Amino acid sequence: MSKINRVLFIAVCACLINIRCAFAEENVISDTDVNYYSSEDLNSESEDSEMERPKSAKIIKYTRKYARTIKLKWKKIKNADGYCVYRSKEKDGRYRRVATTAENTYEDKVKATDTYYYKVRTYIENENKKIYSDYSSIIKVKSKVKNKKNKLRIVEIREKLYTYKEMHNDLKLLKEKYPDYFTYKVAGKTYDGRNIYIICLGNKNADKKILAQSTIHGREYMNSAICMAQLEYYLNNWNAMYDEKFTYGDLFNRTCVYMMPMLNPDGVCISQFGANGIKNKELRNKLKGMSGISNYERWKANARGVDINRNFSNHWERTGTPGSSMYSGRKADSERETRIIKRIVNKYNFDFIISYHSMGNLVYWDIGQSGEIYTETYKLARKISKITGYPLGEQSEPEGLSYNWTILDKNIPEIIIENGYGVCPLPESEYKKTWKKNKDLITKLIR
Ligand SMILES: [Zn+2]
């Protein structure tokens, strides 16, 4: 008997036992209709079985993963063959079976607006018969997704954190809300398995292409929120007039803006969650022996303790030891993150690049370049200085920085924008001020 037939068969048996159940009431019997069963019915179903009923599971956790996914988790029951998951929109209402699974987790796709109630029950199988436990207690899950989607803002910074997960979720929510104006994909994976995303905002066939990149240093993650907030702000204004001539959308059709909002997500996780932010056991154990671990918050490097912004091949020199900052790596381009950034820059050959760092409220542009690229970089830096109100910083020592490579090897102007005052990770109070200064930056640069 197929699974569906088997369930139907049991359902019909249950109906015969229990006259309360009438076809007329529901019209259809679906394999997911389960409200006929009471525990007593189930007892009588398995009366002739010598097997004991399994213990019922308890839902211990749920998370709203993205827009329309609710993830449930319950404790594993020894000897269980599987679990059935039931959902209802009312606590005492009609529960439908939404899944039968051997796992102790389930991801449920829901319509975005409601409150949902869940319960699970365990089963063991005996000669093609399922013997069920009692139902678990019911849990209530409020889907706040619609509220979030309808809110003007999806990207928010909470209690000074903006996590990799939040960025990942926000990308999905933004894509649902604005499916036509941007695309994003994974440019590569970090050592701890996180995605480095690249967003393409506007017309990918446009003549001009620029890159806005952020958070090559873990503890500077407030800039990832700034970058994502810019994305949302431009999407939200897509059809609004930017000036008397162009809409926001027009600007992005003329210049495609690529964004890499979190270049070093492993470093962000270390800064936010310490060594426990790293999932890979080997990486985590190595991390615990590195310098700078007494203060994880201040972590700048990647999960291997390499400062990616000392790992680029132009003017690379060996400095530091594996740890929170300043370690150059064993050789230039030794790190995945470095190679991913280089691959992207080589692929798209951007007209210019802006890189968000923190802190200082300064604009860095001078790495010792000369000739045409000097003038070009200087002009761009002046423009950014005017928009943000940040003064121009002094010439930097060349030491394997990202813009050593882009300016000196690739001949592409790259400007470093140091956002915020104070100590990194910056306090939440810096966010609003920084946002005001950066809100219109990209549109002003591409107009
Ligand atoms: Zn930095």
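**Exercise 1. The end of helix α11**

Task: In this predicted model, find which residue follows α11 and state the sign of its phi.

Solution. Step 1: α11 covers residues 372-388. Step 2: The residue that follows is Gly-389. Step 3: The phi of Gly-389 is positive, near 80 degrees.

**Exercise 2. The length of α11**

Task: Compare the reach of α11 with the span expected at 1.5 Å a residue.

Solution. Step 1: Count the residues of the helix, which gives 17. Step 2: From the first C-alpha to the last, α11 reaches 24 Å. Step 3: The expected value is also given as 24 Å, and the reach is close to it.

**Exercise 3. The two sides of α11**

Task: Work out how the buried residues of α11 are arranged around its axis, and which exposed residues lie on the face turned away from them.

Solution. Step 1: List the buried residues: Thr-377, Leu-380, Ala-381, Ile-384 and Thr-388. Step 2: Viewed down the helix axis, these residues fall within an arc of 100 degrees, so they line one face of α11. Step 3: On the face turned away from this buried side, the exposed residues are Glu-372, Thr-375, Lys-379 and Lys-386. Step 4: Look for the packing partners of the buried residues; among them are the strands β13 (352-357), β14 (362-364) and β15 (414-418). The helices α12 (402-409), α13 (429-438) and α14 (441-446) are partners as well.

**Exercise 4. Leu-441**

Task: Is Leu-441 buried, partly exposed or exposed, and which residues does it touch beyond four places in sequence?

Solution. Step 1: Leu-441 lies in helix α14. Step 2: A residue needs 20 or more other C-beta atoms within 10 Å to be buried. Leu-441 has 19 within that distance, so it is partly exposed. Step 3: Leaving out residues up to four places away, Leu-441 touches Ile-387 and Thr-388. Step 4: For Lys-386, the separation from Leu-441 is 55 residues in sequence, while the C-alpha atoms are 10.0 Å apart in space.

**Exercise 5. Helix α12**

Task: How many of the eight residues of α12 are buried, and what covers them?

Solution. Step 1: Six of the eight are buried, and the helix is mostly covered. Step 2: These are Ser-402, Tyr-403, Asn-404, Trp-405, Thr-406 and Ile-407. Step 3: The cover includes α10 (336-348), β13, α11 and β15. Step 4: After α12 comes Asn-411, which has a positive phi, near 65 degrees.

**Exercise 6. The nonpolar cores**

Task: Find which helix gives the most residues to the largest nonpolar core.

Solution. Step 1: This core has 85 residues, and those touching the most other members are Ile-199, Ala-225, Leu-231, Val-257, Met-259 and Ile-415. Step 2: The helix is α6 (residues 222-236), which gives nine residues. Step 3: Take Ala-225 as an example; beyond four places in sequence, Ala-225 touches Val-155, Ile-157, Tyr-162 and Tyr-431. Step 4: Another core, of 19 residues, lies apart from the largest one and includes Leu-72, Tyr-83, Tyr-118 and Ile-124.

**Exercise 7. Confidence in the model**

Task: Where does the pLDDT stay under 50, and why does this matter for reading the coordinates?

Solution. Step 1: The chain averages a pLDDT of 87, with 84% of the residues scoring at least 70. Step 2: Over residues 11-49 the pLDDT stays under 50. Step 3: The pLDDT is also below 50 over residues 145-150. Step 4: Where pLDDT is low, predicted coordinates should not be read in detail.

Notes
Residues are numbered from 1 along each chain as its sequence is written. This is a predicted model: local features need pLDDT of at least 70, side-chain atom pairs count only at pLDDT 80 or more; totals for chains, interfaces and linings use all residues. Helices (H or I, at least four residues) and strands (E, at least two) are DSSP runs, numbered from the N terminus. The expected span of a helix is 1.5 Å times one less than its number of residues. A residue is buried if 20 or more other C-beta atoms lie within 10 Å of its own, exposed if 12 or fewer, and partly exposed in between; C-beta atoms are placed from the backbone. The arc is that of the directions from the helix axis to the C-beta atoms. Two residues are in contact if their C-beta atoms, placed from the backbone, lie within 7 Å. A nonpolar core is a set of buried Ala, Val, Leu, Ile, Met, Phe, Trp, Tyr and Cys residues joined through C-beta atoms within 7 Å. pLDDT is the predictor's confidence in each residue, from 0 to 100.
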